[in-house]
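These entries record what I looked up in a single structure, entry by entry.

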Amino acid sequence: MSTNPKIWLSSPHMSGKEREYVQDVFDANWVAPVGPQLLEFENKLRSFAGNHHLAALSSGTAALHLALILLGVKKDDFVICQSLTFSASANPIRYQGAHPIFVDSEADTWNMCPNQLDIAIQQCLNGEVYSPSGKEIKTGGKLPKAIVPVHLYGMPANMKDIKEVADKYGIPIIEDAAEALGATLHDKYCGSFGDFGIFSFNGNKIITTSGGGALISSNEAEIKRARFLATQAREDAPHYEHKVVGYNYRLSNVSAAIGIGQVEVLEERVNQRRSNYAYYLEALGELPGVSFLEEPSGYFANRWLTTILIDPKKSGGIDREQVRLKLEDENIESRPIWKPMHKQPVFQDCGYVGESKIAETIFENGLCLPSGSNLEKTDLNRVAVVFKEIFDK
Ligand SMILES: *Cc1c(COP(=O)(O)O)cnc(C)c1O
């Protein structure tokens, strides 16, 4: 085991202003679920959401859950979801008693393949959806209630084609931009394409409130409704009057104060993460069998994590697990790509649509490299040196 200091995959990176902003909260005794910091954080965030309306919430997962509720997703409905993602994209579908149908990725962005999406909708209508083990999914010819594409690792999904398919059938989109804050597609921010979009400010994301999220929509009334549902659905009355089930999903005002300090440096953080990617590309791009996910024209990724593929057929047998373990020996944290949802035991009885095993291959060969915006050049160099040692043997 190396005695070198630990290099983390993605650790929180404060601007230095956060303590002061939290101090302001204490000085004014706004240690509460609402307060001026919450509103200021929301206002600052809007400029990274196409100036759409938004509500800051306790997590990205809560934001996804509220989006499904607002779209009327109920028990035994079907919702199409990208398979290659973190489980939080799909879990809220289950909270509603609805059934996810997972769709494979395209190789260009690693995100939802628009063609497979179209096929999935048709199969849903025709009752031709199956689980990975071949079990028939009884869709009853129902149209899916929503589509959840993801901008994985901060690479925008092909929203133009996905939206075209969604519009053809009149199905709303919930855009999971948890990993893509600050990324754009043809100069439009991720999170602002769908009927709803969501962000996450979990501790490992590009900016953090320690835990938190946001729901985005161009529709002001929907966001107003989201705030209402997120604060226990209290009707306008001096006593506590409730007509619908409510949730306790609002972001705390203390957390929002941290968020203000973070959103002020978001552009800088995007640049720092992008320069990590550029460093790794320069240092490792020529190694045999190693490939990087490039930006298609018009795509601007935030490079939340730098991800690579290692093809053992071209690398002389070196695979991603070998590399990951060697980095671990050197006290460097790296991680496999998200395991596709259609391969997860918890979702084994859900529908899956895909023919080319794109997501599976990315999972098998993919690795996330240390990508924090607080990494020094010496840290990146340490990663590159270990990497090259493996390939020099
Ligand atoms: C982090 C993440 C979420 C969930 O966000 P939380 O704030 O942790 O609840 C959802 N989707 C994806 C793709 C994520 O990476």
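**Entry 1. Second largest pocket.** I worked on a predicted model throughout. I listed the lining of the second largest pocket and found Leu39, Glu42, Asn43, Arg46, His53, Leu54, Glu220, Ile223, Lys224 and Arg227. I then traced this lining to its elements: helix 2 (36-46), strand 1 (53-57) and helix 7 (220-230) each give two or more residues. By class, I recorded 3 nonpolar, 2 polar and 5 charged residues in the lining of the second largest pocket. For the space in this second largest pocket I noted about 180 Å³.

**Entry 2. Largest pocket.** I next looked up the largest pocket, which holds about 260 Å³ of space. Its lining comprises 22 residues, and those nearest the centre are Phe86, Ala88, Ala178, Ser200 and Lys205. Which elements supply at least two residues each to this lining? I found helix 3 (60-70) and strand 8 (196-200). Helix 3 provides the largest share, with 3 residues. I entered the classes of the lining of the largest pocket as 8 nonpolar, 11 polar and 3 charged.

**Entry 3. Positive phi values.** I checked two residues other than glycine whose phi is positive. Aspartate 76 has a phi near 65 degrees, and I located aspartate 76 in the loop between helix 3 and strand 2 (78-82). I noted aspartate 76 as partly exposed, because its relative accessible area is 34%, between the limits of 20% and 50%. Histidine 186 has a phi of about 45 degrees. I placed histidine 186 in the loop between strand 6 (184-185) and strand 7 (188-189). Is histidine 186 buried or exposed? Its relative accessibility is 55%, so I entered histidine 186 as exposed, the cut-off being over 50%.

**Entry 4. A helix pair.** For two packed helices I note the angle between the axes and the distance between the axes. Helix 1 (residues 18-27) and helix 8 (residues 253-263) pack at about 150 degrees, and their axes lie 8 Å apart. I recorded their crossing as right-handed. On the side of helix 1, the contact is made by Glu18, Tyr21, Val22 and Val25. Helix 8 contributes Asn253, Val254, Ala257, Ile258, Ile260, Gly261 and Gln262 to the contact. By class I entered 7 nonpolar, 3 polar and 1 charged residues for this contact.

**Entry 5. Alanine 183.** I found alanine 183 in the loop between strand 5 (174-176) and strand 6. With a relative accessible area of 0%, alanine 183 falls under the 20% cut-off and is therefore buried. Which residues does alanine 183 contact, leaving aside its neighbours within four places in sequence? I listed Gly154, Pro156, Lys188, Tyr189, Cys190, Phe300, Ala301 and Asn302. I also looked up the C-alpha separation between alanine 183 and phenylalanine 300: it is 5.6 Å, although their positions lie 117 residues apart along the chain as an offset.

**Entry 6. Leucine 369.** I located leucine 369 in strand 15 (residues 366-369). I entered leucine 369 as buried, because its relative accessibility is 0% and the cut-off is under 20%. Its contacts, apart from neighbours within four places in sequence, are Leu9, Tyr280, Leu284, Thr306, Ile308 and Phe387. To tie this entry to the second largest pocket, I looked up histidine 53, one of its lining residues. The C-alpha atoms of leucine 369 and histidine 53 are 34 Å apart, and the two residues are 316 residues apart along the chain.

Conventions. Residues are numbered from 1 along each chain as its sequence is written. This is a predicted model: local features need pLDDT of at least 70, side-chain atom pairs count only at pLDDT 80 or more; totals for chains, interfaces and linings use all residues. Side-chain values use heavy atoms; hydrogens and water are left out. On a 1 Å grid over the protein atoms alone, a cavity is a set of points where a 1.4 Å probe fits but cannot get out, and a pocket is an open set with protein on both sides within 12 Å along at least five of seven lines; lining residues have an atom within 4 Å of a point. Grid points are joined across faces, edges and corners, and a volume is the space filled by probe spheres set on the points. Helices (H or I, at least four residues) and strands (E, at least two) are DSSP runs, numbered from the N terminus. Ala, Val, Leu, Ile, Met, Phe, Trp, Tyr, Cys and Pro count as nonpolar, Asp, Glu, Lys and Arg as charged, and the others, Gly among them, as polar. Buried means under 20% relative accessible area, exposed over 50%, partly exposed in between (1.4 Å probe, protein chains only). Axes are lines fitted to C-alpha atoms, for helices over the stretch in contact, and angles run from 0 to 180 degrees between N-to-C directions. A crossing is left-handed if the near helix is turned anticlockwise from the far one by less than a right angle, and right-handed if clockwise. Contact means heavy atoms within 4.5 Å.
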